[in-house]
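Take a moment with the sequence and the fold before reading on. This short report goes from the whole chain down to a single residue.

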Amino acid sequence: MTDTTTTGTDLERRLARLEERTRALEDEREVTRLILSYGPLVDSGSADAVAGLWDADGVYDVDELLMRGRAQIAAMVRSDAHQGWIAGGCAHFVGPPHVTVTGDDATAVSYSLMVTHGDGGFALRRATANHWTLHRADSGWRIVTRTARVLDGRPESPALLASGVCAPVASGERA
């Protein structure tokens, strides 16, 4: 017969591990939802909501544009160029991110595609590698930096992707 008794200490340790794992899963889910909300928000022209994804002094670094702070990010969404894409039909698709959470900080990598509508139908305007750094604030997770580089053969683009996936796994953690 197997002894199925558990001491209070064993149960407390198991419960603490379960709470840690649950918290890690919840953090990963929240970070993923935040990142995936970018496309619908930017394509609906929700400038303040897009900017609100970032820390107050967050950075959005795209190939041709460096934005610092929420005001500049909101201005990009309100710009004539961006409003023209919305009016003509566009979709910013962010693929599922690979998220790594460490305490109150997280990194993620993902692909993104920008699809635009034109006379001949839909066309892929750009495919991009993205590296995100995030921090848990009192109000929830916020983007600190998003670096996006077009996947056009330049070496920095795949390096961005590898930087968030090839991190060493801590002892005792699952990859």
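## Surface and size

How much area does the protein chain expose, and what share of it do carbon and sulfur atoms supply? The model is predicted. In this model the exposed area is about 10,600 Å². Carbon and sulfur atoms supply 55% of that area.

Now look at the overall dimensions. Along the principal axes, the C-alpha atoms fill a box of roughly 75 × 35 × 30 Å. The radius of gyration of the protein chain is 20 Å, while a compact globule of 175 residues would have one near 16 Å. Of the 175 residues, 35% count as buried.

## Elements and charges

The protein chain holds 6 helices and 7 strands. Read from the N terminus, the order is α-α-α-β-β-α-α-β-β-β-β-β-α. Contacts also reach along the sequence. Take those between residues at least 6 apart: 50% of them join residues at least 24 apart.

What about charge? The protein chain carries 18 positive side chains and 24 negative ones. The centres of these two sets lie 2 Å apart.

## Strands 1 and 2

Strand 1 covers residues 54-62, and strand 2 covers residues 65-68. The two pair in the antiparallel sense, over 4 bridges. A hairpin of 2 residues joins strand 1 to strand 2. Within this pair, Asp-61 stands opposite Leu-66.

## Strands 3 and 5

Strand 3 (residues 90-94) and strand 5 (residues 105-118) run antiparallel, joined by 5 bridges. Ala-91 faces a partner here: Val-115 in strand 5 stands opposite Ala-91.

Which side chains of strand 3 are buried, and which are not? In a regular strand, side chains alternate between the two faces of the sheet. Strand 3 shows such alternation. Cys-90, His-92 and Val-94 point to one face and are buried. Ala-91 and Phe-93 point to the other face and are not buried.

## A closer look at Arg-146

Arg-146 sits in strand 7, which spans residues 140-150. Is Arg-146 buried or exposed? Its relative accessible area is 2%, and buried means under 20%, so Arg-146 is buried.

Which residues does Arg-146 touch, leaving out those up to four places away in sequence? Among them are the aromatic-named Tyr-38, Trp-54, Tyr-60 and Trp-132. Arg-146 also touches Val-59, Asp-61, Ser-112, Asn-130 and His-131. Asp-61 has appeared before, standing opposite Leu-66 in strand 2.

One last distance links back to strand 3. Val-94 and Arg-146 are 52 residues apart along the chain, and their C-alpha atoms are separated by 12 Å.

Definitions and conventions: Residues numbered from 1 in each chain as written. Predicted model: local features only at pLDDT ≥ 70, side-chain atom pairs only at ≥ 80, totals over all residues. Heavy atoms only, no water. Buried < 20%, exposed > 50% of the residue type's maximum accessible area, 1.4 Å probe, protein only. Contact = heavy atoms within 4.5 Å. Pairing = 2+ DSSP bridges. Rg over C-alpha atoms; globule rule 2.2 N^0.38 Å. Areas by Shrake-Rupley, 256 points an atom, 1.4 Å probe, with all protein chains shown as cover. Lys, Arg positive; Asp, Glu negative; His and termini not counted. Charge placed at Lys NZ, Arg CZ, Asp CG, Glu CD.
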